[in-house]
Amino acid sequence: MKRDRGRDGERAGAAGSLRLGVDRSSPVPLYFQLAQQLEAAIEQGALAPGSLLGNEIELAGRLGLSRPTVRQAIQSLVDKGLLVRRRGVGTQVVHSQVRRPLELSSLYDDLAAAGQRPATRVLRTAVEPAGAEVAAALGVAEGAAVCLVERLRLAHGEPMARLRNHLPFGLLELTAERLEETGLYRLMREAGIGLHSARQSVGARAATPAEGEALAEPAGAPVLTMERTTYDATGRAVELGSHIYRASRYSFEFQLLVRP
C-alpha cells in the first residue's frame, strides 16, 4: 500500500525533527497548511535562525506534495521575511517576528514565554536629575534624582529592542549583573513591588543612525515606539519606559471588543 507521506510528517532538512503533515480533506489549501506549520516552528524556535530547510524537491518528496505546492508555501514565508533564498546555500530561516499582546507584561517575560531565548545587554545605568517629562510621569519634583537604565534586548542573539527606563530613586537596587540575568519587572516583583496598571501609547517613526546601528537596521528603517508609565497597587508611579522595537521583527497585538 502506498504510504501517505503528507500525513506521516516525514522529514526535510532542518524540518526533519518537526511533525509536519497536511490534511487533504481540508478546504484549506495544502501550501497554506504547510506554510502555517513552518511559520509556527520558526516562531516557537523549533527552526532556529540560520537553519536550512532543504531543497524544494526533497521537501516535496518527503511530504508527498507537488513541488509547486512546496514552492508556494516557502515563497509565502519568504515574502513575510521569515525565510530567505540564498544562491548556493538553499532556503534559510532568517528569524521569527515577535507578536506581543498589549498587556502589562515585560518584553523579557513575553520572549521567554514564546521560546525566544531572551538576553540583555546593559548599555547604561545612572542617577540623573529628572527632566520635566520624567518628573511629571513619575510624580516627583523636576530636578529630583531618578534612576536611568538603558538596555538592549536580544532574542536568539539578535537585537530586538532598545529599552530606556526611568524609576524613582531608591525604589529598588539595580545592578548591571542582575539586569542581564532577568527582566526589570521580575526584579520589581522580587522586591515586593506589585504592578497594578499602566498608561501606554504606541507609535512609529524612522530610526536614527545610532538606533539603527544598535538594532542592526539601516538608518531610517521603521521602528515601533512605546511609552509606558506603570503604577503599583497604591497608584504610585514606579516606572517610565521609553522603548523602540525593530518593526521587521516585532508587532503589537490588540484585542478589540464591541461595546454593548
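The chain comes to nine helices and ten strands in its secondary structure. What you see above is a predicted model, so please keep that in mind throughout. Of the chain's 260 residues, 44% count as buried. If we take contacts between residues at least 6 apart in sequence, 58% of them join residues at least 24 apart.

I will start with the sheet. It is an open sheet of six strands, and the order across it is β4-β5-β6-β9-β8-β7, with antiparallel pairing. The edges are β4, residues 118-129, and β7, residues 195-206. Each of those two has a single partner strand, so one side of each is left without a neighbour in the sheet. On average, neighbouring strands here are turned by 15° against each other, direction ignored.

Now look inside the sheet, at β9. How many of its ten residues are buried? Nine of the ten are, so β9 is largely enclosed by the rest of the structure.

In the sheet order, β9 stands between β6 and β8. Take the β6 side to begin with. Strand β6 covers residues 158-168, and its antiparallel pairing with β9 runs over six bridges. One position to find on screen is Ala 161, which stands opposite Tyr 245 in β9.

On the other side is β8, residues 222-232, which runs antiparallel to β9, residues 237-246. Nine bridges join β8 and β9. Two positions can be picked out here. Val 223 stands opposite Arg 246 in β9, and Thr 225 has Ile 244 as its bridge partner in that strand. The two strands form a hairpin, with four residues between them. In the turn there is Gly 235, which has a positive phi of about 90°.

Just before β8 there is another glycine to look at. Gly 220 lies in the loop between α9, residues 209-214, and β8. Is Gly 220 buried or partly exposed? Its relative accessibility is 44%, so it counts as partly exposed. Leaving out residues up to four places away in sequence, Gly 220 touches Ala 206 and Ala 207. Ala 206 is 14 residues from Gly 220 along the chain, and their C-alpha atoms are separated by 4.6 Å. Ala 206 also falls within the range of β7, 195-206, which is one of the edge strands from earlier.

Next, the helices. Two packed helices are described by the angle between their axes and the distance between the axes. The pair to look at is α2, residues 30-43, and α4, residues 67-79. They pack at an angle of about 45°, with their axes 8 Å apart. That angle makes α2 oblique to α4. The crossing of α2 and α4 is right-handed.

Which residues meet between these two helices? From α2 they are Leu 30, Tyr 31, Leu 34, Ala 35, Leu 38 and Glu 39. From α4 they are Thr 69, Val 70, Gln 72, Ala 73, Ser 76 and Leu 77.

Let me stay with Leu 77 of helix α4. With 1% relative accessibility, Leu 77 counts as buried. Its contacts, not counting residues up to four places away in sequence, are Ala 35, Leu 38, Glu 39, Leu 82 and Leu 83. Leu 77 and Glu 39 are 38 residues apart in sequence, and 7.2 Å separate them in space, C-alpha to C-alpha.

Ahead of α2 there is a loop that starts after α1, residues 5-8, and Leu 20 is found in it. Leu 20 is at 3% relative accessibility, so it counts as buried. Gln 33 is 13 residues from Leu 20 along the chain, and their C-alpha atoms are separated by 9.4 Å.

The last helix for today is α3, residues 56-63. Its buried residues are Glu 56, Leu 59, Ala 60 and Leu 63. Where do they sit when you look down the axis of α3? They fall within an arc of 100°, so they line one face of the helix. After α3 comes Gly 64, with a positive phi near 70°.

To recap, there is an open sheet of six strands with antiparallel pairing, and in it β9 has nine of its ten residues buried. There is also the helix pair of α2 and α4, with a right-handed crossing.

How values were computed:
Residues are numbered from 1 along each chain as its sequence is written. This is a predicted model: local features need pLDDT of at least 70, side-chain atom pairs count only at pLDDT 80 or more; totals for chains, interfaces and linings use all residues. Side-chain values use heavy atoms; hydrogens and water are left out. Two strands pair if DSSP finds at least two bridges between them. Axes are lines fitted to C-alpha atoms, for helices over the stretch in contact, and angles run from 0 to 180 degrees between N-to-C directions. Buried means under 20% relative accessible area, exposed over 50%, partly exposed in between (1.4 Å probe, protein chains only). The arc is that of the directions from the helix axis to the C-beta atoms. Angles under 35 degrees count as roughly parallel, over 145 as roughly antiparallel, 65 to 115 as roughly perpendicular and the rest as oblique. A crossing is left-handed if the near helix is turned anticlockwise from the far one by less than a right angle, and right-handed if clockwise. Contact means heavy atoms within 4.5 Å.
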